[in-house]
Amino acid sequence: MNEMPEWTAADARAVDLVRVLAMDAVQQAGSGHPGTAMSLAPAAYLLFQRVLRHDPGDPDWPGRDRFVLSCGHSSLTLYIQLYLSGYGLALDDLRKLRTWGSITPGHPEHHLTRGVETTTGPLGQGLANAVGMAMAARRERGLLDPNTPAGQSPFDHHIYVFASDGDIEEGLSHEVSSLAGHQQLGNLVLLYDDNHISIEDDTAIAKSEDVLARYAAYGWHTQRVNWRTAGGYHEDVPALYEALIAARDHTAAPSVIALSTIIGWPAPNKQNTGEAHGAALGVPEVRATKEILHFDPDVTFPVEDEAVARAREVGDRGKLAHAQWDERFAAWSADHPEQRELLARLTARALPEGWADAIPAFAADGGPVATRAASGKVLAALAPVLPELWGGSADLAGSNDTTMPGEPSFIPAEHQTAMFPGNPYGRTLHFGIREFGMGGVCNGIALHGLTRPYGGTFLVFSDYMRPAVRMAALMKLPVTFVWTHDSIGLGEDGPTHQPVEHFWALRAIPGLSVVRPADANETAVAWRTILQHTDRPSGLLLSRQKLPVVDRAAAGAGSAEDTARGGYVIAEATSGPPRVILIGTGSEVHIALAAREQLEREGISARVVSMPCVEWFYEQDGAYRDEVLPPGVRARVSIEAGVGFGWRQIVGDAGEIVSLEHYGASAAYETLYKEFGLTPERVVEAARLSMSRVAGKEAQ
């Protein structure tokens with residue numbers, strides 16, 4: 001039995017202070033979620049004070065355990081522990097909950113508040129991030145210290161996550177919990193707040209499964225701590241401590257503890273109600289609860305020096321743990337100079353000198369190459385020089401070309417297969433058919449800090465993972481989403497698998513770079529540019545069908561190097577200044593090039609612009625953008641095998657948009673492009689129409 005360290009009256013008072021501060025903060029804000037922060041007060045305080053290895057004086061200490069509040073609506077559960085532990089939050093920050101300019105927004109935000117490991121709010125995504133962090137911790141240990149016995153490496157630590165019924169109900173929790181069990185992530189501990197309440201009150205209206213049985217089926221180690229006893233509600237803190245330690249020490253599988261609580265405890269009238277979940281309790285209820293807890297009902301945001309001083313003692317324990325870790329780290333550094341150098345580089349998110357020299361170039365006379373295949377060749381070439389780069393696919397590895405040849409899979413030995421041999425420290429990820437889970441896990445890997453993840457699927461299935469992509473953009477995480485089969489060019493699979501609206505739907509996500517290269521060399525430069533960015537996610541949209549490699553040696557052809565600028569002149573007008581500009585992305589650039597040849601034969605000077613990344617293009621200065629798209633050349637045509645929404649801002653009011661404003665069909669891709677008017681002839685017709693429109697406007 002694990003005996004809990006001393007728990008004094010000051011600790012008990014600090015727990016009750018958490019409840020009072022949660023009530024006061026929500027009451028002052030006029031909105032928020034007090035109930036869960038109140039009922040989880042003992043659990044959160046216990047974790048931060050007695051279990052979690054952390055140093056409030058150094059929130060970025062590499063040896064720390066990570067804490068993820070997946071139920072981000074209960075942000076006060078985290079904020080108040082950060083205040084009590086001494087992370088720099090003050091009472092005034094709690095007073096400013098959910099207000100402009102505060103560091104205590106409605107949901108915890110990464111990079112804004114010291115001690116917040118990830119942005120949470122959309123339910124289930126925090127749990128997905130935690131699974132990714134646990135996987136990253138194992139991969140990083142494999143890179144830096146694979147041979148030290150378990151529990152003795154400076155890179156051994158745990159990921160703790162609090163989740164609510166809302167997290168558990170979201171389908172995402174199934175995807176990532178199943179994956180975590182399969183991966184036997186013994187460094188992951190989940191506390192499930194089983195309070196039977198959501199916004200619509202009693203969860204029995206929508207949920208009846210046995211959650212622990214579900215997790216047992218995933219292969220998790222399961223425990224229950226029930227504070228709802230036959231004799232009444234009893235917050236048995238020692239029992240929860242024993243369960244947490246047992247979970248921490250169970251290294252063969254991830255662990256879940258179902259903690260049965262009463263939301264809003266001990267509010268006399270609103271405990272165990274949906275009202276306590278998501279609204280201020282109201283002045284009478286707050287006063288009555290304070291009286292039950294022996295606080296002055298006329299005092300808001302009480303100071304409670306003795307209780308706070310007791311909680312701040314965790315800072316000394318954190319410094320001691322940090323110092324002990326420093327000794328182990330120093331010994332490791334002395335024994336592993338090469339790995340120490342690697343760690344320094346990974347920590348700085350710096351790339352090794354000369355790394356880009358490994359990226360292949362593709363000859364124009366080597367035959368056509370699908371950009372997905374070119375991407376696969378780039379990954380294969382980068383494998384030896386970028387150990388931090390790792391990833392895989394949502395069961396589409398052969399189609400996405402995301403497997404680095406010869407690299408072992410990241411998998412417990414008992415789950416390796418004949419096709420994919422591997423080990424727990426391997427490199428190739430297998431997400432299974434779990435696209436949303438893949439996105440959330442990749443975000444968690446990036447959040448953990450040292451490695452660069454990528455995850456692949458078909459572009460049409462980016463819809464399944466969009467919420468995770470949005471969170472990657474919100475947190476500015478360097479995750480690469482490899483989306484192949486990027487148009488009706490995938491052919492016979494038909495409209496269910498053919499993306500149409502996806503280009504601009506993804507471009508609508510602020511902070512996401514959407515990159516659709518036109519040929520193999522643009523693909524290579526795209527990968528190089530993506531890896532040079534550490535402040536944003538990127539989506540790489542790649543073709544299934546083979547595309548010609550543009551002959552860059554031809555007169556007037558632009559360099560693939562300019563892919564990094566988002567848009568560039570890939571073929572210049574040869575018979576004088578351009579009268580019309582043809583703008584394409586991906587596979588449609590080749591249609592624009594063919595249309596240009598027709599126009600030039602007719603004596604119409606035409607420029608072709610490849611626009612692989614609209615976002616990168618608009619990051620360029622105005623002079624460069626005007627050089628590529630001169631304002632005086634108003635006759636313009638865009639061509640892209642998707643809806644035209646968004647192109648108007650680029651082609652202008654006189655321009656023409658050659659697009660696909662409907663779903664595709666099942667047929668060979670050559671047939672589809674012809675039948676749907678994605679042809680050089682249609683682009684030539686559009687060019688004439690745009691020039692006519694310009695002439696008409698000029699004549700007015």
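This passage walks through the overall build of one chain, then looks at a helix and a loop residue.

The model is predicted, so to speak on paper: local features need pLDDT of at least 70, side-chain atom pairs count only at pLDDT 80 or more, and totals for chains, interfaces and linings use all residues. Residues are numbered from 1 along each chain as its sequence is written, and side-chain values use heavy atoms, with hydrogens and water left out.

The chain holds 27 helices and 24 strands, where helices (H or I, at least four residues) and strands (E, at least two) are DSSP runs numbered from the N terminus. Its C-alpha atoms fit a box of roughly 90 × 60 × 45 Å along the principal axes. The radius of gyration, taken over C-alpha atoms, is 28 Å, which agrees with the value near 27 Å for a compact globule of 700 residues; that rule is 2.2 Å times the number of residues to the power 0.38.

Of the 700 residues, 61% are buried (under 20% relative accessible area; exposed is over 50%, partly exposed in between, with a 1.4 Å probe and protein chains only). Among contacts (heavy atoms within 4.5 Å) between residues at least 6 apart in sequence, 76% link residues at least 24 apart.

Helix α6 covers residues 125–144, and its end C-alpha atoms sit 28 Å apart, just as expected for 20 residues at 1.5 Å each (the span is 1.5 Å times one less than the number of residues). In α6, 20 of 20 residues are buried.

A356 lies in the loop between α15 (337–347) and β10 (369–370). A356 is partly exposed, at 26% relative accessible area, and its C-alpha atom is 9.8 Å from that of L531, 175 residues away along the chain.
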